[in-house]
Amino acid sequence: MSQQPSIKALDWSLLALLSVLWGGSFFFSKLALADLPPLTVVLCRVSLAALALFVYLRATGTRIPRARPVWGAFFGMGLLNNIIPFSLLFWGQTQIASGLASILNATTPVFAILVTKALAPETDVTANRLAGVALGLGGVAVLVGGDALSDKGFPILPMLACLGATLSYGFAGFFGQRFRRMGIAPAIGAFGQLTASSLLMIPVVAVMDRPWTLAAPGMVTLGAVLALALMSTALAYVIYFRSLSAIGQLNTSMVTLMIPASAILLGSLVLGERLAMNHYAGLALIGLGLIAIDGRLWRRLRGASA
């Protein structure tokens with residue numbers, strides 16, 4: 001039976017940083033979508049991030065692999081982890097609030113477990129992990145509260161699009177575990193999938209959006225696109241692939257439970273927004289969920305009572 005690796009203190013720190021970077025992506029993408037169509041934002045995000053990582057790899061003298069199997073893996077990962085989920089999420093955010101998109105995004109661990117059990121039935125999914133997912137999802141629901149559902153009507157298609165994105169992330173996490181077996185470093189994996197995504201998106205955007213006909217975006221939009229590409233994509237994916245290699249798919253997918261909490265904490269610290277009681281309650285549930293997923297406290301309690 002396949003066991004998921006344990007999560008160490010450094011791993012938790014990197015997951016927390018990743019949650020901040022990806023939590024900011026909902027804010028940055030909402031700003032970018034004010035002036036640009038979703039597919040163009042996707043192309044800008046992946047291509048600028050790929051360029052930034054290319055500069056980094058050249059500056060550090062890192063060799064970029066050329067083998068066909070490696071680039072086949074890059075294109076597969078780019079499709080599952082970038083093109084499909086980004087396109088669905090960005091389109092969804094043109095129809096629904098970012099808060100609702102983030103709460104739907106937090107279902108990724110559920111899909112990660114379902115995909116893993118479907119494709120690798122021998123994988124051990126413990127009771128504490130399932131309990132942690134349930135607590136985390138409950139915490140996200142309490143944290144976001146009724147504000148996320150304040151849009152008029154019932155936007156079923158945008159909601160299904162966001163859920164489709166999380167399903168794609170579940171497949172991507174499982175697919176991406178092969179990078180470790182192939183000996184691909186995190187920065188190389190991030191660069192490869194983003195480059196492959198850019199090559200796939202260029203003809204799609206040229207036909208669908210015809211970006212040369214769009215009005216020039218404002219400075220706020222340009223700043224949001226740069227932040228989305230450099231911080232929430234280039235840097236975030238280096239951390240993501242490192243975590244995927246070190247602690248596995250199911251552990252890494254738990255970062256989506258932390259994203260809404262990170263967004264609210266950033267709003268409080270940076271923008272001076274006050275936290276309501278449901279925010280504190282949601283954060284507490286998410287914290288309990290992460291403790292349950294980690295399992296070390298439970299094992300110590302069991303050991304002490306034995």
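## Helix contacts in an all-helical predicted model

Leaving out neighbours up to four places away in sequence, Ser243 is in contact with Leu14, Leu15, Gly248 and Thr252. Ser243 is found in helix α10 and, at 1% relative accessibility, counts as buried. Please keep in mind while reading that this is a predicted model.

### The chain as a whole

Let us step back for a moment. The protein chain has 13 helices and zero strands, so every element in the run from the N terminus is an α. Of the 306 residues in the chain, 50% are buried. Among contacts with a separation of 6 or more, 92% are between residues 24 or more positions apart.

### Helices α1 and α10

How do the axes of α1 and α10 lie with respect to each other, and at what angle do they cross? They come within 8 Å and cross at roughly 150°. The crossing is left-handed, and the contact has 23 nonpolar, eight polar and two charged residues.

How many salt bridges does the structure hold? There is one, and it joins Asp11 to Arg242, with the closest N and O atoms 2.6 Å apart. Asp11 lies in helix α1 (residues 9-32) and Arg242 in helix α10 (residues 219-253), so the salt bridge ties together parts that are 231 residues apart in sequence. The two partners can also be described by their accessibility: Asp11 is buried at 6%, whereas Arg242 is partly exposed, with a relative accessible area of 27%.

Helix α10 is also the place of Ser245. With a relative accessibility of 28%, Ser245 counts as partly exposed. From C-alpha to C-alpha, Ser245 and Gly176 are 8.7 Å apart in space, while 69 residues separate them in sequence.

### Helices α5 and α7

Now for another pair of helices. Helix α5 (residues 108-119) packs against helix α7 (residues 156-176) at an angle of about 50°, and their axes are 8 Å apart. That makes α5 oblique to α7, and the crossing of the two is right-handed.

Which residues meet here? On the α5 side they are Thr108, Phe111, Ala112, Val115, Thr116 and Leu119, and on the α7 side Leu163, Thr166, Leu167, Tyr169, Gly170, Phe171 and Phe174. By class, the residues of this contact divide into nine nonpolar, four polar and no charged.

### A serine in α3

Ser87 lies in helix α3 (residues 68-93). Is Ser87 buried or exposed? At 16% relative accessibility, Ser87 counts as buried, because the cut-off for that class is under 20% relative accessible area. Setting aside residues up to four places away in sequence, Ser87 touches Leu39, Val42 and Asn82.

### Accessibility side by side

The table below gathers the residues discussed above.

| Residue | Relative accessibility | Class |
|---|---|---|
| Ser243 | 1% | buried |
| Asp11 | 6% | buried |
| Ser87 | 16% | buried |
| Arg242 | 27% | partly exposed |
| Ser245 | 28% | partly exposed |

For a look in the viewer, one place to begin is the contact of Asp11 with Arg242, followed by Ser243 with Leu14 and Leu15 among its contacts.

Conventions. Residues numbered from 1 in each chain as written. Predicted model: local features only at pLDDT ≥ 70, side-chain atom pairs only at ≥ 80, totals over all residues. Heavy atoms only, no water. Salt bridge = Lys/Arg side-chain N within 4 Å of Asp/Glu carboxyl O. Helix = DSSP H or I, 4+ residues; strand = E, 2+ residues; numbered from the N terminus. Buried < 20%, exposed > 50% of the residue type's maximum accessible area, 1.4 Å probe, protein only. Axes fitted to C-alpha atoms, helices over the stretch in contact; angles between N-to-C directions. Parallel < 35°, antiparallel > 145°, perpendicular 65-115°, else oblique. Left-handed = near helix turned anticlockwise from the far one by under 90°. Contact = heavy atoms within 4.5 Å. Nonpolar A, V, L, I, M, F, W, Y, C, P; charged D, E, K, R; others polar.
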